[in-house]
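Here are a few exercises to work through with the model open on your screen. Try each task before you read its solution.

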Amino acid sequence: MKLSSYLSEDKIISNLKGETFEELITNLLKELAKTNKQVKVEQEIMKKAILKRESEASTYIGNGVAIPHARLEYFDDIVVSIAFPEKNVTMKNIMGEDEPVDFIVLIVADVLKNKNILKIMSGISRLCLKNKDVFKEILKYKSPEKTIEILNKMKIEIDHNITAEDLFTTSILPAKENNTLEDIAKRIIMDRVSGIPVVDNHNNFLGEITERELISFGMPKHTTILNDLSFLTVGEPFENYLVNEKITTIKDLYRTEGIITIDKDASLMEISYIFMNKGVTRIYVLENNKYIGLIFRSDIIKKILHI
């Protein structure tokens with residue numbers, strides 16, 4: 001099934017009015033209610049569910065795109081709508097900073113249709129984040145007719161088998177071998193992660209650098225072979241680290257073993273099995289050995305169990 005098959009011109013709203021995110025959702029549902037009887041009947045229920053989901057975690061995915069969504073009990077339809085806000089309404093990005101929203105995709109479905117919602121969201125992400133020239137053309141016209149025409153040409157398929165491609169995030173940019181310890185420490189803090197992928201200049205995956213390697217570099221070398229440090233009464237850790245953090249690169253420090261990688265077509269079953277049995281909290285997604293994204297264990301909760 002193609003992404004465009006979920007849409008029709010009456011579900012694409014140009015110049016959606018609203019000063020806030022809540023006003024945009026309210027007005028979008030009002031527009032949809034004009035042609036959809038089920039939306040008209042359950043309009044308030046939908047609004048509450050959408051805003052509740054938004055309060056739990058932002059549905060803003062970056063690049064001016066938001067995908068607000070909700071699951072309703074006994075809702076025997078899937079409503080997908082696109083809207084172009086008339087005014088600059090902002091939403092928080094992953095770093096907590098305000099960014100203007102140019103493109104809203106609303107999805108409402110039954111509580112048991114997680115797969116459908118996730119696959120539609122994945123299709124939208126591929127359109128907006130990976131086909132930026134096409135997306136710019138859609139934003140240029142902001143037209144129901146032109147949007148449908150472009151989506152038909154794109155032929156973005158929406159099947160129901162969830163794979164790594166639907167789950168991974170591209171927000172964690174890889175490190176390079178010439179990055180310094182200071183660079184990595186800043187990234188770990190800013191990105192709120194414990195590990196960062198390392199790639200070469202051609203984006204080939206090399207390994208990962210984690211909190212553990214940074215801490216290990218700061219410890220006296222002889223402590224790595226000891227089982228008990230209770231007899232040590234002198235010395236402080238991290239003196240070597242603090243002296244060399246600006247000049248020491250991670251080239252000889254990052255890990256190359258014990259790292260889990262998968263192909264972008266790996267199934268949800270395989271991914272879940274790895275998280276349950278391998279004791280890892282992140283899996284790196286590769287395509288032809290090139291890094292394309294990262295799946296956190298928490299993504300199974302956020303994108304499958306509590307979408």
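**Exercise 1. Get the overall picture.** Work out how much of the chain's contact network links residues 24 or more positions apart.

Solution. Keep in mind that this is a predicted model. Take the contacts with a separation of 6 or more: residues 24 or more positions apart account for 66% of them. Next, look at what the chain is built from: 12 helices and 14 strands. The C-alpha atoms fill a box of roughly 75 × 40 × 40 Å along the principal axes.

**Exercise 2. Inside and outside.** What percentage of the 307 residues counts as buried, and what share of the accessible surface belongs to carbon and sulfur atoms?

Solution. Start with burial, using under 20% relative accessible area as the cut-off. By that rule, 46% of the 307 residues are buried. Now for the surface: it comes to about 16600 Å², and carbon and sulfur atoms contribute 52% of that. Finish with the charges: there are 42 positive and 46 negative ones, and their mean positions lie 3 Å apart.

**Exercise 3. One hairpin up close.** Find strand β11 (residues 205-210) and explain why it is largely enclosed by the rest of the structure.

Solution. First count burial along the strand: five of the six residues of β11 are buried, so the rest of the structure largely encloses it. Then find its partner: β10 (residues 195-199) pairs with β11 in the antiparallel sense over five bridges. In one of these pairings, V198 has G207 of β11 as its bridge partner. Last, check the turn: five residues separate the two strands of this hairpin, and N203 there has a positive phi of about 70 degrees.

Key
Residues numbered from 1 in each chain as written. Predicted model: local features only at pLDDT ≥ 70, side-chain atom pairs only at ≥ 80, totals over all residues. Heavy atoms only, no water. Helix = DSSP H or I, 4+ residues; strand = E, 2+ residues; numbered from the N terminus. Buried < 20%, exposed > 50% of the residue type's maximum accessible area, 1.4 Å probe, protein only. Contact = heavy atoms within 4.5 Å. Areas by Shrake-Rupley, 256 points an atom, 1.4 Å probe, with all protein chains shown as cover. Lys, Arg positive; Asp, Glu negative; His and termini not counted. Charge placed at Lys NZ, Arg CZ, Asp CG, Glu CD. Pairing = 2+ DSSP bridges.
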